[in-house]
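I am keeping these notes as I look through a structure that is new to me. I want to record what I looked up, in the order in which I looked it up.

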Amino acid sequence: MAIYTATTAAATTTLTSASHPSLFFASSSYSSTLKPFFYLTKFHYPSLKLAHSLLTLTPKASSSSSSSSSLTEPMLPPYNVLITGSTKGIGYALAKEFLKEGDNVVICSRSAERVEDAVQSLSEEFGKQHVWGTQCDVRDGNNVRNLVEFAQKNLKYIDIWINNAGSNAYSYKPLAEASDEDLLEVVSTNTLGLMICCREAINMMLKQPRGGHIFNIDGAGSDGRPTPRFAAYGATKRSVVHLTKSLQAELRMQEVKSVIVHNLSPGMVTTDLLMSGANTKQAKFFINVLAEPAEVVAKYLVPSIRSIPANGSTRPTYIRFLTGIKAYSKIFSRLAFGARRNKYVVEE
């Protein structure tokens with residue numbers, strides 16, 4: 001039971017989830033936690049607005065419970081890593097880089113055949129004692145729970161969970177021309193699937209003595225800029241940033257320090273997903289100027305990811321491969337010197 005003391009200049013009052021149930025959130029996953037002050041004053045106790053500048057709410061120590069941070073074990077390499085959507089593209093490249101560092105990796109995909117092929121290829125290069133794979137459709141809660149069970153069975157715990165699975169239905173056209181099937185594919189994978197994976201990853205890591213780190217991969221549209229011809233994809237990627245911030249706030253509210261949610265930005269990667277849209281003059285220009293192969297991006301990102309648990313950091317981060325300065329520099333080089341013209345696709 002959560003216990004808080006409310007202190008003003010006049011008096012001190014003890015608030016508990018039993019004596020003032022409307023003041024607290026209750027969850028089976030967490031101990032009861034006091035609702036934010038703005039929520040209390042707006043919906044339940046508007047009279048508190050008059051005194052809020054003099055009011056201090058302080059968690060009261062309980063002898064029967066300990067904070068999550070005090071139970072956290074050191075997170076030392078090799079790390080156990082789980083990557084969704086990791087049988088090709090940037091997900092597969094990330095898996096290879098973690099394996100090169102000596103980590104253990106779980107890969108997954110909707111396609112059991114692709115999982116089998118990827119596991120065989122990675123096992124031949126790094127040893128089958130370091131890589132595991134299973135079929136998983138992130139849009140299905142039971143599939144993701146089975147993924148967690150698979151990871152726990154083979155590795156006991158996961159230190160780093162990377163939410164990479166995503167889709168644009170390989171469709172580049174105005175939203176007015178998009179089919180219901182394509183829209184459902186994009187939204188259910190990129191938004192619903194991400195939410196399900198975050199929920200299950202958090203629940204798993206809360207039970208781990210060493211906690212864990214979750215990385216949500218963003219994409220075009222995540223910065224709020226328009227994404228014509230793939231508007232649905234851009235909208236879902238904008239929601240990635242919001243979801244990450246909300247999860248960070250929820251964990252702070254629950255005083256959870258052992259589970260941290262981060263954003264990961266690979267920039268433009270020459271995957272099948274990106275190259276399928278290289279059919280306009282503008283698209284060809286930016287792909288040639290800004291895109292990089294998955295292997296190059298992964299080689300940069302993985303050391304940055306691994307440095308977070310290695311340093312014992314409990315602060316959320318936003319790791320970017322293609323920074324604004326880097327992008328503007330590449331565009332300038334192209335306009336001034338013609339750099340990277342026709343690098344990947346022939347421009348008109």
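**Entry 1: a pair of strands.** I began with strand β6 (residues 80-83) and strand β9 (residues 160-163), which run parallel and are joined by three bridges. Looking for a single partner, I noted that V81 is bridged to I160 in β9. I should write down early that the model I am reading is a predicted one.

On the other pairing of β6, I found that it runs parallel with β7 as well, this time over four bridges, and that I83 has I107 of β7 as its bridge partner. As a general point, the strands of a sheet pair through backbone hydrogen bonds, in either a parallel or an antiparallel sense.

**Entry 2: the whole sheet.** I then asked in which order the strands of the open sheet follow one another. The order is β8-β7-β6-β9-β10-β11-β12, which makes seven strands with parallel pairing. At the edges I found β8 (131-135) and β12 (318-320), each of which pairs on one side only. Between neighbouring strands of this sheet, the turn averages 20° when direction is ignored.

**Entry 3: how β7 sits.** I wanted to know how many of the residues of β7 are buried. The count is six of six, and I have therefore put the strand down as mostly covered, buried being under 20% relative accessible area. The side chains alternate in my notes: N104, V106 and C108 point one way from β7, while V105, I107 and S109 point the other way, and all are buried.

**Entry 4: helices on the sheet.** Helix α2 (residues 89-100) lies across β6, β7 (104-109), β8, β9 and β10 (212-217), and the angle it makes with β6 is about 170°. Helix α3 (residues 112-126) also packs on the sheet, where it touches β7 and β8, and its direction makes about 175° with that of β8.

**Entry 5: helix α8.** My next question was why helix α8 (residues 281-290) can be called largely enclosed by the rest of the structure. The reason is that seven of its ten residues are buried. I listed them as A283, K284, F285, I287, N288, V289 and L290, and I found that these buried residues pack against α7 (272-275) and α10 (324-337).

I looked at K284 separately, a residue placed in helix α8. Is K284 buried or exposed? Its relative accessibility is 15%, and because the limit for buried is under 20%, K284 counts as buried. Setting aside its neighbours within four places in sequence, I find K284 in contact with A278, N279, V345, V346, E347 and E348.

**Entry 6: cavities.** I counted three cavities of 30 Å³ or more. The largest cavity has a volume of about 110 Å³, and 14 residues line it, of which S171, A178, R229, F230 and A232 are the closest to its centre. The elements that give two or more residues to this lining are α5 (180-206) and α6 (231-253). When I sorted the lining of the largest cavity by class, I obtained nine nonpolar, two polar and three charged residues.

**Entry 7: backbone details.** Most residues other than glycine have a negative phi, and most peptide bonds are trans. With that in mind I noted the peptide bond from P77 to P78, which is cis with omega near 0°; P78 lies in the loop between β5 (56-59) and β6.

I also noted E255, whose phi is positive, near 60°, although the residue is not glycine. E255 lies in the loop between α6 and β11 (259-265), and with 42% relative accessibility it counts as partly exposed. R340 also has a positive phi, near 65°, and is a residue other than glycine. R340 is found in the segment after α10, and its relative accessible area of 23% makes it partly exposed.

**Entry 8: overall figures.** I closed with the protein as a whole, in which there are ten helices and twelve strands. Of its 348 residues, 45% count as buried. Among contacts between residues at least 6 apart in sequence, 67% join residues at least 24 apart.

Terms used. Residues numbered from 1 in each chain as written. Predicted model: local features only at pLDDT ≥ 70, side-chain atom pairs only at ≥ 80, totals over all residues. Heavy atoms only, no water. 1 Å grid on protein atoms, 1.4 Å probe; cavity = no way out; pocket = protein on both sides within 12 Å on 5 of 7 lines; lining within 4 Å. Points joined across faces, edges and corners; volume = space filled by probe spheres on them. Nonpolar A, V, L, I, M, F, W, Y, C, P; charged D, E, K, R; others polar. Pairing = 2+ DSSP bridges. Axes fitted to C-alpha atoms, helices over the stretch in contact; angles between N-to-C directions. Contact = heavy atoms within 4.5 Å. Buried < 20%, exposed > 50% of the residue type's maximum accessible area, 1.4 Å probe, protein only.
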